[in-house]
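This report describes how a ligand is held by its protein and then turns to one residue in a loop. Please consult the sequence and the structure while reading.

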Amino acid sequence: MADDPRTPSPTDSPLRPSTIAVTAGRPDPGPDAPLNVPITMASTYGAGGDLEYGRYANPTWTAFEEALGALEGGRCLSFASGLAAVATVLDLVGHGAKVVAPRHSYSGTIMQLADLEARGRARAELVDVTDTDAVVKACDDAALVWIESPTNPALEIADIETITKAAHEAGAYVAVDNTFATPLLQTPLVHDVDLVVHSATKYLAGHSDALLGAICTRDDELFSVLKNRRDLLGAIPGTLEAWLVLRGMRTLHLRVERAQANAQELVRRLEEHPAIAEVRYPGFGGIVSVVLAQGTIAADLLTHKTRLWVHATSLGGVESTLERRRRWKSEAPTIPDALVRLSVGVEDVEDLWDDLRAALDGCVG
Ligand SMILES: *Cc1c(COP(=O)(O)O)cnc(C)c1O
């Protein structure tokens, strides 16, 4: 992106995202310098420096934050989980303030909003994020406009630029949950969004082995408010988790590229299969949602019949997983009961298709 002031390269032209994923957050090079940041296990540090105490800072977190900040084009703070990051952003609004959010936001985000509302802490207005006019109208008197795009698991796309303009005119902050797109496919800060939130548990980590969250921003004032919140509330990442996610991010571009290529091929084939009533795919990324023609029982059957595809929640790992989202009581009732979300991994697409097709063949009428 031309207007993207990311880390400068040796030739002063901005480095491309794949190079940033590999190089950002490394220790300074030199004889005997390790190429990777060590896992610093320390609850406290010698007095008089910048770190002081383990709840305030950790060099392993910092390395991860430098890498993700460089990819998103802002400064980054890591948190214990994606939902810890979501909670920290939602907590920015004043008492009784209005928060606008997609009705098909991640179920945990919706539950947090419902909880805030039940306690009179904030008002939530849930919108169809694809109806840009309705979202723009809802921005009026809002304190925060939350966007998720693509949404999980409906895979709806928001017009981030138009909504951000309207929200800023209304004096509201804009936050985008960028978990599904990753900074390789979408960089909201470049489009004037105030805050980007990640469940780093998913694509950034990429190996289904760690929970971590992050918030990125270009606004120094917001950054210090959020840093202060993390210091006080203590939703800090584990050191090992930060290291694992940074390790995963070194191949983010390769994994996303392969998962996306696999997803695009599977979408073409799924659209032809008689067991499928609807394929939802925004055209990019590695998540595909399908609605089974024969309903809920067929959807459950599919999740139990695959051998290679693992029946499990979560997404964004190297391994392909699937689940019927409405098996969770917390999932929005407007998500079809027979919708199965596929998290396409980086295996050979022919093996993925063989397994999926065999299972789907058993779900036809
Ligand atoms: C998983 C997820 C979250 C929550 O992240 P955790 O790391 O599980 O706490 C938030 N947003 C989206 C879009 C997610 O998929």
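## Polar contacts of the ligand

In this predicted model, an N or O atom in the side chain of Thr-201 is 2.6 Å from an oxygen atom of the ligand. The protein covers 93% of the accessible area of the ligand, which amounts to 380 Å² for the ligand on its own.

Two further residues place polar atoms beside ligand oxygen. For Asn-152, a polar side-chain atom lies 3.2 Å from an oxygen atom of the ligand. Gly-82 takes part through its backbone, where an N or O atom lies 2.9 Å from an oxygen atom of the ligand.

## The surrounding shell

Where does the ligand sit? The ligand occupies the largest pocket. Among the residues that surround the ligand are Ser-81, Gly-82 and Leu-83, together with Ser-199, Thr-201 and Lys-202. The surroundings also include Tyr-106, Glu-148, Asn-152, Asp-177, Thr-179 and Phe-180.

By residue type, the shell around the ligand comprises 6 polar residues, 3 nonpolar residues and 3 charged residues.

## Glu-331 in its loop

Glu-331 belongs to the loop that runs between strand 11 (321-324) and strand 12 (339-343). Is Glu-331 buried or exposed? The relative accessible area of Glu-331 is 4%, and because buried means under 20%, Glu-331 counts as buried.

Which residue does the side chain of Glu-331 meet in a polar contact? The partner is Arg-325, and the contact between the two side chains spans 2.8 Å.

Methods
Residues numbered from 1 in each chain as written. Predicted model: local features only at pLDDT ≥ 70, side-chain atom pairs only at ≥ 80, totals over all residues. Heavy atoms only, no water. Near = heavy atom within 4 Å. Polar contact = N/O pair within 3.5 Å; in protein donor to acceptor, adjacent residues only side chain to side chain. Areas by Shrake-Rupley, 256 points an atom, 1.4 Å probe, with all protein chains shown as cover. 1 Å grid on protein atoms, 1.4 Å probe; cavity = no way out; pocket = protein on both sides within 12 Å on 5 of 7 lines; lining within 4 Å. Sits in = over half its atoms within 2 Å of the grid points. Nonpolar A, V, L, I, M, F, W, Y, C, P; charged D, E, K, R; others polar. Helix = DSSP H or I, 4+ residues; strand = E, 2+ residues; numbered from the N terminus. Buried < 20%, exposed > 50% of the residue type's maximum accessible area, 1.4 Å probe, protein only.
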